[in-house]
Amino acid sequence: MNLLPQLFWSFLQIGLFSIGGGYAAMPLIQAQVVDAHNWLSLQEFADLVTIAEMTPGPIAVNGATFVGIRVAGIPGAVIATLGCILPSILIVSVLAYVYKRWRNLRTFQDVLSALRPVIVALIAAAGLRLLLAALFPEGISLQGLDPVALLLFLGAMLLLRKWKKSPVLVIFLSGGLGAALYYLTEAFL
Amino acid sequence: MIQSNRSESGKGGGGLENRLAKLFLNSLLISACTFGGGFVIVTLMKRKYVDELHWLDEGEMLDYTALAQSSPGAIAVNAAVLVGWKVGGLPGMLLAALGTVLPPVLILTLISYFYAAFAAMPLVALILKGMRAGVAAVILDVVLSLGGKLFEGEKVFNAVLLAVAFLLSFLTNLSVIWLILAAVLAGGVRALILKKRRERP
């Protein structure tokens, strides 16, 4: 098979079968890219995961671009990315229509209203997990608490809750301030 | 004609073209700042589209999150497609999807040419370490504001669902899909009970 259609087909499958976000996509990407086609070595795949975590954007899209470029240059990146988002666009568009059509139905609303607390709970659990990973980078223990991270978190909370600052500003501020503080503590302590 | 223009502009400023431009730019900006998975983008979208621009209400945003989470594909792209349809129909959907995909594609294109050097840069690692605390704060801030609203109506039902879902999600490796399906089931049962109760004279 030609390389570009193969890339498209592989990433279409990744887009179609990864339900539940980035961590669900990871094993699928590995199966296609490392095991089935040898487009990346296992070491390169580990690098891809690291890069994906350090850069913005969904891991499937990051992976599609990274693999596409290495296999077939810019056209490869475009084709692989298209393949990976096409199932989303088609399926979710149908859902958007269904939602718009039935939204005002009483029964539909009753069902949806049970989803809302669960979604808030899922976001809370994801946030708490991230917070614990930031506060205790070496695993949870009293000595393991990272005081810089705690300071950044409390400062960010204050900016968001009390002064209603924009999240984008808060994220970049904590990045810049964090780098400076970590650098200083490493240099002088 | 004038009236329809007015109602359009009442929903977030400017005509349709203006809104599409805003939608595209905000999708770019939000996507470029989403470090750390699908839930982060949803919380940024909520702040922008619900709190600032008033294009959606809070309930819609939560429903979209549930739909985006339980559909195949990246949560960020799914959520962008839903918001795009709502704000600007088919062109809105395409622009929102493009805006969401463009930043990671451009950044990864650059990085894949010299990735080993990038990952080893100590300054990059320190910035990212600091950002993690900020991202956690952004997510928990949205949880606090969304959580408060849940206890205005069906207090007990919502509190039980919230607590059970939180514990299962935090303490076990149960896939998100099962939690969402269980919630749909619970909602369905409750919808039937409510319907029976309403039909009774």
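B:Leu174 is partly exposed, with a relative accessible area of 40%. The value comes from a predicted model. Partly exposed is the right term because 40% lies between the limits of 20% for buried and 50% for exposed. B:Leu174 sits in the loop between helix 8 and helix 9 of chain B, and this residue belongs to a nonpolar patch on the surface.

**The nonpolar patch**

- Besides B:Leu174, the patch is formed by B:Val156, B:Val160, B:Val164, B:Leu168, B:Trp178 and B:Leu181.
- Together, the residues of the patch have about 670 Å² of accessible area.
- Two elements of chain B, helix 8 (155-171) and helix 9 (176-199), each supply at least two residues of the patch.
- Helix 8 of chain B gives the most to the patch, with 4 residues.

**The cavity**

- The structure holds 1 cavity of 30 Å³ or more.
- The space in the largest cavity is about 30 Å³.
- Chain A is represented in the lining by A:Ile123, and chain B by B:Val42, B:Lys46, B:Met61, B:Leu62, B:Thr65 and B:Leu146.
- The elements that give two or more residues to this lining are helix 3 (38-52) and helix 4 (58-70) of chain B.
- Helix 4 of chain B provides the largest share of the lining, 3 residues.
- Sorted by class, the lining of the largest cavity has 5 nonpolar residues, 1 polar residue and 1 charged residue.

Methods:
Residues numbered from 1 in each chain as written. Chains lettered and ligands numbered in written order. Predicted model: local features only at pLDDT ≥ 70, side-chain atom pairs only at ≥ 80, totals over all residues. Heavy atoms only, no water. 1 Å grid on protein atoms, 1.4 Å probe; cavity = no way out; pocket = protein on both sides within 12 Å on 5 of 7 lines; lining within 4 Å. Points joined across faces, edges and corners; volume = space filled by probe spheres on them. Nonpolar A, V, L, I, M, F, W, Y, C, P; charged D, E, K, R; others polar. Patch = residues over 30% accessible without salt bridge, like charges linked within 9 Å, V, L, I, M, F, W, Y side chains within 5 Å. Areas by Shrake-Rupley, 256 points an atom, 1.4 Å probe, with all protein chains shown as cover. Salt bridge = Lys/Arg side-chain N within 4 Å of Asp/Glu carboxyl O. Buried < 20%, exposed > 50% of the residue type's maximum accessible area, 1.4 Å probe, protein only.
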